[in-house]
Amino acid sequence: RAGTGEAAGAAGLHPVQSPPVPADSVPPPSSAGCLCTVGVLTYGLISFKRGHTRRSQLLMRARILAQGFTFAALLGGMGVTAMKARK
């Protein structure tokens, strides 16, 4: 049957499984960075459409900072995960 683990197992493939998530787990900072980036981008585009070019320009610069934070959070998360895997 397509879409089940049986078909993948028969083909020699392993089905992808998500690791269990603890109930008290905190979302990673990269999630907050992504939400912040989308929010600033949306508000910047709305400001541009309304003719507030100065505000729009400032928000586009803020978007770059938010993207930098997101990228740093992703790299940091990868580093922490790699360190945990070594132990």
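**Notebook: surface patch and largest pocket**

I looked first for nonpolar surface and found that Phe-71, Leu-75 and Met-78 make a patch of about 350 Å². For patches I took residues with over 30% relative accessible area and no salt bridge, joining nonpolar side chains (Val, Leu, Ile, Met, Phe, Trp, Tyr) within 5 Å and like charges within 9 Å. A salt bridge here is a side-chain nitrogen of Lys or Arg within 4 Å of a carboxyl oxygen of Asp or Glu, and accessible areas follow the Shrake-Rupley method with a 1.4 Å probe, only the protein chains shown counting as cover for residues.

I note that this is a predicted model, in which local features need pLDDT of at least 70 and side-chain atom pairs count only at pLDDT 80 or more, while totals for chains, interfaces and linings use all residues. Residues are numbered from 1 along each chain as its sequence is written, and side-chain values use heavy atoms, without hydrogens and water.

I then checked Phe-71, which sits in helix α3 and counts as exposed because its relative accessibility is 54% (exposed is over 50%, buried under 20%, partly exposed in between). Buried residues make up 16% of the 87 residues in the protein chain.

I read the chain as three helices and zero strands (DSSP runs of H or I with at least four residues, or of E with at least two, numbered from the N terminus).

Turning to the lining of the largest pocket, I found that α2 (29-49) and α3 (53-86) each supply at least two residues, with α3 giving the most, six. A pocket is an open set of points on a 1 Å grid over the protein atoms alone where a 1.4 Å probe fits, with protein on both sides within 12 Å along at least five of seven lines, and lining residues have an atom within 4 Å of a point.

Notes
Buried means under 20% relative accessible area, exposed over 50%, partly exposed in between (1.4 Å probe, protein chains only).
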